[in-house]
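Here are my notes on the model, set out as numbered points. Please read them with the structure open.

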There are 2 protein chains.
Amino acid sequence: MAAPRTTREGPGHGAASPSVTSRALRVLEVFAPSAPVRTLTDIARHTGLPLTTAHRLVGELTRWGALERDGEGGYRIGLRLWEVASLAPRGLGLRELALPQLSDLVHVTGENAQLAVREDLSVVYVERLAGRGAVPVLTRVAGRFALTPTGVGRVLLAHAPPEVQERALSGPPARCTPRTECDPGALRRALAEVRRTGVAICEGQVTLDSVSVAAPVHGPEGTVVAAVSVVAHLGRVEPHTLVPLVRVAARGISRALGADTAPDLTGPVRAAPSGSATHR
Amino acid sequence: MAAPRTTREGPGHGAASPSVTSRALRVLEVFAPSAPVRTLTDIARHTGLPLTTAHRLVGELTRWGALERDGEGGYRIGLRLWEVASLAPRGLGLRELALPQLSDLVHVTGENAQLAVREDLSVVYVERLAGRGAVPVLTRVAGRFALTPTGVGRVLLAHAPPEVQERALSGPPARCTPRTECDPGALRRALAEVRRTGVAICEGQVTLDSVSVAAPVHGPEGTVVAAVSVVAHLGRVEPHTLVPLVRVAARGISRALGADTAPDLTGPVRAAPSGSATHR
C-alpha cells in the first residue's frame, strides 16, 4: 500500500502568501508517477496558480532544465533536475555505494534486493534489483510505501525516534493483505524484536506470496540510515537462510558508508554465541 | 574528459534582474559531485547572492525537501528533490526500462554496460553497471562527459541535428589519451561510418586500455533518444564480437520504449545480407 500522498506535503506551501520559490516547487509537485507529463492547463489547475503565473514559472523552469517540453505540448521533469538531484546523498550516492552488495544478493538468491531510507512516515526505495523469476513486488525506485508492512520499513521504524514510532502506530494502519499486521500492540512487539535480533522478517505482509528479510544499514555515526532487504517467494525459501546473507550485505554497505562494523555494533545478538535467535 | 561546465549554463540566469525562481535554481547549481555538501556561506559566495537572501532561499528549499541539513551545519541535496526528479523520463524512467538488457550485457560480457542520452554538447550517463573485473571507466551515473571520444557520444552525435554536430566539431576537442581523435575531418568521417554501420567502436579514446562499442536506442517516433554501450578491456576482447550483443540490447531497449523495431529501422546495414560491414 502506497503511503498517503499527504505525507509528501511539507510546511511552506498552502499557507498564506506563498513565496515565489515555493510556488515554483509547487509546480514540480504536480508531476507524479501516474502523471509524468502535464500540460500548462494541468499545471495551473493543480497548483491553483493563475494561468499567466503558471506560464511564467514553467517558462523559467524549462529554460533552466528542471522541466522539458515533450513533442506534443506537454511538460515533463527535465534531465537537468535529475542530474542535480542525483547528488542527494540519500539517493544515488547511497545507491552507488550499495550496488555491489545488492547485485550479489540478487545473484545468489535470484530474488529481489531492495535498499530503502525513511522519510517521515514512509519508506523511500533507493534501489531495487530483481533476479529472473523473482517474486513480483509492488515497489518502485524513488517510490514511497508504508513503513509497517515492509521489512525495510520495520527496520527503519524500529530505529526511529520514539515520537516517529508513535505517530506511525497511531495512524490508520496500512493493510495490504489479510495477513498484514495492523494491531499497534503487535507491531510494537515486532519492532522490539527487530531491535533485539537485528533483522525484520515479514511474511505475507505486502503480498501473500512474498517474504521480506531486512537488516539495518549504519552510517558513520552508528545511527541507522537505511535498510536492505531480500524479498523472496514465500514457501520456496526458508527465511532464516536469508538472514546471514542480508546481514552481511547490510554490514558491507555500512562499511562502505564509513560505519564502524565492529562486532558489537548491532547489539547483543551479534555478540552472543547463541546468535540464531528465533524470528517471527 | 568531463564536458566543460559552461555547457550546463542555460539562459535565464546571469542576465539582468534574475527572477526569484532562477535564484532558487542557482542555489541548487552550487552542488556538484565534488561538492555535495555546502555551507550557507559557500552558497552565498557561489551564487553571488547576499547572505540574507541566500539564507531565506535555503530555508524555503530545506522546508520543501529540495535541500537537507547534514549534522554539521552543511546543506546537501534533499531526498525529496531526488524523488521528484526521478520522474524525468530521460532519467530513471529510461533506466528502469533498460535495466534488464543492461544487466544481461554485464552478465554475458563481465564488462561495463552504459546507457546515455545527449544534453546539448554532452553525454549524460543514465545508468552504468559493471561486472567483476570490468575495465575501469571514468564515467558516473548522472555525470557528464564529452561526446566525441565515447562510443555512446558518437552514436548520439551522429544522429543529432547538423547544427549540433557542427558546434561539437568546431569547439575545442576533448582529448583524453594520446589516441583520442581530435581532427574534425576524421571525426566527421567517423560519424558518417556510425550512421552507415549502426554502431560506434572507439578504441583507446577515453582510456588507453578500453574499447567502447555503442548502438542507438530509438524512441516511439523512430528518432535516436539514447545510446547503449559495452566498455571492455582493449585487447582482451575482439570488439566485433560485441557488436551483435550491443545491437540486440539496443533493439530490446528501443522496443521497451515503444519503438517499431522492424528490420528497416536503422538503415541499410541491418537489411542487407552483407551486414558485417567493416568498423574502424
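1. **Overall burial.** Chain A has 280 residues, and 55% of them count as buried. Keep in mind that this is a predicted model. The exposed surface of chain A comes to about 11,500 Å². Carbon and sulfur atoms supply 57% of that area.

2. **Content and contacts.** Chain A holds ten helices and nine strands. Take the contacts in chain A between residues at least 6 apart in sequence: 56% of these join residues at least 24 apart.

3. **Domains.** The domain assignment splits chain A into domain 1 (20–84) and domain 2 (92–256). How far apart are the centres of the two domains of chain A? Taken over C-alpha atoms, 33 Å separate them.

4. **Helix H1.** Helix H1 of chain A covers residues 20–29. Nine of its ten residues are buried, so the helix is largely enclosed by the rest of the structure. Charged side chains are on the buried list too: it includes A:Arg23, A:Arg26 and A:Glu29. Also buried in H1(A) are A:Thr21, A:Ser22, A:Ala24, A:Leu25, A:Val27 and A:Leu28.

5. **The sheet.** Six strands of chain A make an open sheet in the order E6-E5-E4-E9-E8-E7, with antiparallel pairing. Strand E6 (144–146) and strand E7 (200–203) of chain A are the edges, and each pairs on one side only. From one strand to the next, the twist averages 30 degrees. As background, strands of a sheet pair through backbone hydrogen bonds, either parallel or antiparallel.

6. **Strand E9.** Is strand E9 (residues 224–233) of chain A largely enclosed or largely open? Eight of its ten residues are buried, so E9(A) is largely enclosed by the rest of the structure. On one pairing, strand E4 (residues 112–119) of chain A meets E9(A) over five antiparallel bridges. There, A:Leu115 stands opposite A:Val228. Strand E8 (residues 210–218) of chain A also pairs with E9(A), antiparallel, over nine bridges. In that pairing, A:Ala214 faces A:Ser229.

7. **The E8–E9 hairpin.** E8(A) and E9(A) form a hairpin, with five residues between them. The turn contains A:Gly222, which has a positive phi of about 90 degrees.

8. **Strand E5 and the edge.** Strand E5 (residues 122–130) of chain A runs antiparallel to E6(A). Three bridges join the two. A:Val124 stands opposite A:Arg144 of E6(A).

9. **A:Arg95.** This arginine sits in helix H5 (residues 89–109) of chain A. Is A:Arg95 buried or exposed? At 3% relative accessibility, A:Arg95 counts as buried, because the cut-off is under 20%. Its side chain makes a polar contact with the side chain of A:Glu96, at 2.4 Å. Beyond its neighbours within four places in sequence, A:Arg95 has contacts in both chains. In chain A the partners are A:Leu115, A:Val126 and A:Glu127. In chain B they are B:Arg95, B:Glu127, B:Leu129 and B:Val141. A:Leu115 links this point to the sheet: the leucine stands opposite A:Val228 in E9(A).

10. **Positive phi outside glycine.** Two residues belong here. A:Asp120 has a phi near 55 degrees, a positive value in a residue other than glycine. A:Asp120 lies in the loop between E4 and E5 of chain A. With 32% relative accessibility, A:Asp120 counts as partly exposed. B:Ala142 is not a glycine either, and its phi is positive at about 70 degrees. B:Ala142 lies in the loop between strand E5 (122–130) and strand E6 (144–146) of chain B. What is the relative accessible area of B:Ala142? The value is 4%, and B:Ala142 is buried.

11. **B:Glu163.** Helix H7 (residues 162–170) of chain B contains B:Glu163. At 47% relative accessibility, B:Glu163 counts as partly exposed. B:Glu163 and B:Val117 are 46 residues apart in sequence. In space, C-alpha to C-alpha, the two are 18 Å apart.

Definitions and conventions:
Residues are numbered from 1 along each chain as its sequence is written. Chains are lettered from A and ligands numbered from 1 in the order in which they are written. This is a predicted model: local features need pLDDT of at least 70, side-chain atom pairs count only at pLDDT 80 or more; totals for chains, interfaces and linings use all residues. Side-chain values use heavy atoms; hydrogens and water are left out. Helices (H or I, at least four residues) and strands (E, at least two) are DSSP runs, numbered from the N terminus. Buried means under 20% relative accessible area, exposed over 50%, partly exposed in between (1.4 Å probe, protein chains only). A polar contact is a pair of N or O atoms within 3.5 Å; within protein, one must be able to donate a hydrogen and the other to accept it, and residues adjacent in sequence count only if both atoms are side-chain atoms. Contact means heavy atoms within 4.5 Å. Domain bounds come from an automatic or database domain assignment. Two strands pair if DSSP finds at least two bridges between them. Axes are lines fitted to C-alpha atoms, for helices over the stretch in contact, and angles run from 0 to 180 degrees between N-to-C directions. Accessible areas come from the Shrake-Rupley method with a 1.4 Å probe; for residues, only the protein chains shown count as cover.
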